[in-house]
Amino acid sequence: MEKDRREFLKIGGISVLGLSALPVFQALAQQQGPRYKPDPNALQGAQWAMVVDMEKCWEEQEKRQCKDCILACHKTHNVPDIPDPKREIKWIWLEEYKHAFPDQAHEYAPQKVKESPFMLLCNHCTNPPCVRVCPTKATFKRAQDGIVMMDFHRCIGCRYCMAGCPYGARSFNWGDPRPYLKTEEINMTYPTRRKGVVEKCTFCYERIDEGLQPACVEACKAKALIFGDVTDPNSEVRKILSDHYSLRRKVELGTGPNVYYLI
Amino acid sequence: MYDAKKIVPGILIFVVLFTFPLWSNLGKAAPAPKPELPTTEKVCVMDTAYMKTEHMVLLNQWRDLVVRDANRLWVGPDGREHFMSLQNSCMKCHSSKVKFCDQCHTYAGVTPYCWQCHIEPKENM
């Protein structure tokens, strides 16, 4: 069969068109519904926040040296108890007023406020500096609910986030944390960390995604920790915030912390 | 050839030493790994052939789906839903790391670092 140039170009052009359509057909052929999905019980919120009612907390602490939230959090997440303060790992911890609120602390503040410990944790900032500085996106802000998350798999241990966080909410594993965990107390359903990664509070993303409240909130018998969606006007958190004057830590830095303190 | 007395035995010694692993293991095939399959369940999240060759790909995919995109449930080819978790799902059926994971990993000489963080089930042997 005789073929001239015009014929050859026609066939060639059609063939190229056909080849370019191939990936589209393949993609269409593979669509058999979603093969994964979120847990239907997962809590839904646009920006999780926490209110820490220090009055209630102090009342309980006076009664019985209460550290229920810290113990519950650290047990749930296999956080090691390292005595050396330079190497300690903390997700939720106690701190003095002047260190918690250095920008507003003054010497004439009520004696009780000055002397009582404050419960601190990651603020899950609206504009988190740790996320901006992380070179591997190991720490990231969840688009759906605003949790500042850690993907421990991706962390390379550069500690930029620790320099970036103005709240000291991040801890670095200088060594293997496992020797500091009591074997009988290890939570077998949650991993530990390894040497060379940074860790912090994750607002219990693993519990929220299964429809549970954070471990510290559940453990607090004084109901001093209240967790909820701050963008929802009907949430308990918003009701408390509209009824009481609240404090946030280092607001002038523009990080938009989402942990509120009532005194 | 100069120094043939030294060179020839030298080459011979080199060849013998270099091929030592080959002839010392001649005829002795290492036994094929026998990972112990769970008795409680018949089907895995995907078919056996896929799991044999691609389980590490699937685990990586699961990790991203869970940690980064907040998905929790995996719908298998048979429509069954599985909770996506190495520690809480895989190891529930494959309850012995030594008898399952390590069998092939040791044979193939790979040391996955999953277990530096994820806790293996307590072995009762």
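Here a visitor and a guide talk through some labels used for this predicted model.

Guide: Welcome! Local features in this predicted model need pLDDT of at least 70 and side-chain atom pairs count only at pLDDT 80 or more, while totals for chains, interfaces and linings use all residues. Residues are numbered from 1 along each chain as its sequence is written, chains are lettered from A and ligands numbered from 1 in the order in which they are written, and side-chain values use heavy atoms, with hydrogens and water left out.

Visitor: Why is Q65(A) called exposed?

Guide: Exposed means over 50% relative accessible area, with a 1.4 Å probe and protein chains only. Q65(A) has 70% relative accessibility, so the label fits. Q65(A) sits in the loop between α2 (54-64) and α3 (68-76) of chain A; helices are DSSP runs of H or I with at least four residues, and strands are runs of E with at least two, numbered from the N terminus.

Visitor: What is the phi of Q65(A) near?

Guide: Its value is near 45°, positive in a residue other than glycine. Most residues other than glycine have a negative phi. D3(B) also has a positive phi, near 55°, and is placed in the segment before α1 (4-18) of chain B.

Visitor: Why does F18(B) count as exposed?

Guide: F18(B) has a relative accessible area of 62%, so it is exposed by that cut-off. This residue of helix α1 of chain B joins M1(B), I7(B), V8(B), I11(B), L12(B), F14(B) and V15(B) in a nonpolar surface patch of about 880 Å². Such a patch takes residues with over 30% relative accessible area and no salt bridge, joining nonpolar side chains (Val, Leu, Ile, Met, Phe, Trp, Tyr) within 5 Å. A salt bridge puts a side-chain nitrogen of Lys or Arg within 4 Å of a carboxyl oxygen of Asp or Glu.

Visitor: What makes a set of points a cavity?

Guide: On a 1 Å grid over the protein atoms alone, a 1.4 Å probe fits at the points but cannot get out; lining residues have an atom within 4 Å of a point. By this rule there are 4 cavities of 30 Å³ or more. The largest cavity holds about 110 Å³, and its lining includes C57(A), M119(A) and C220(A). Helix α2(A) gives the largest share of that lining, 3 residues.

Visitor: How many residues of each class line the largest cavity?

Guide: The lining has 8 nonpolar, 1 polar and 2 charged residues. Ala, Val, Leu, Ile, Met, Phe, Trp, Tyr, Cys and Pro count as nonpolar, Asp, Glu, Lys and Arg as charged, and the others as polar.

Terms used. Buried means under 20% relative accessible area, exposed over 50%, partly exposed in between (1.4 Å probe, protein chains only). Patches are made of residues with over 30% relative accessible area and no salt bridge: like charges are joined within 9 Å, nonpolar side chains (Val, Leu, Ile, Met, Phe, Trp, Tyr) within 5 Å. Accessible areas come from the Shrake-Rupley method with a 1.4 Å probe; for residues, only the protein chains shown count as cover. On a 1 Å grid over the protein atoms alone, a cavity is a set of points where a 1.4 Å probe fits but cannot get out, and a pocket is an open set with protein on both sides within 12 Å along at least five of seven lines; lining residues have an atom within 4 Å of a point. Grid points are joined across faces, edges and corners, and a volume is the space filled by probe spheres set on the points.
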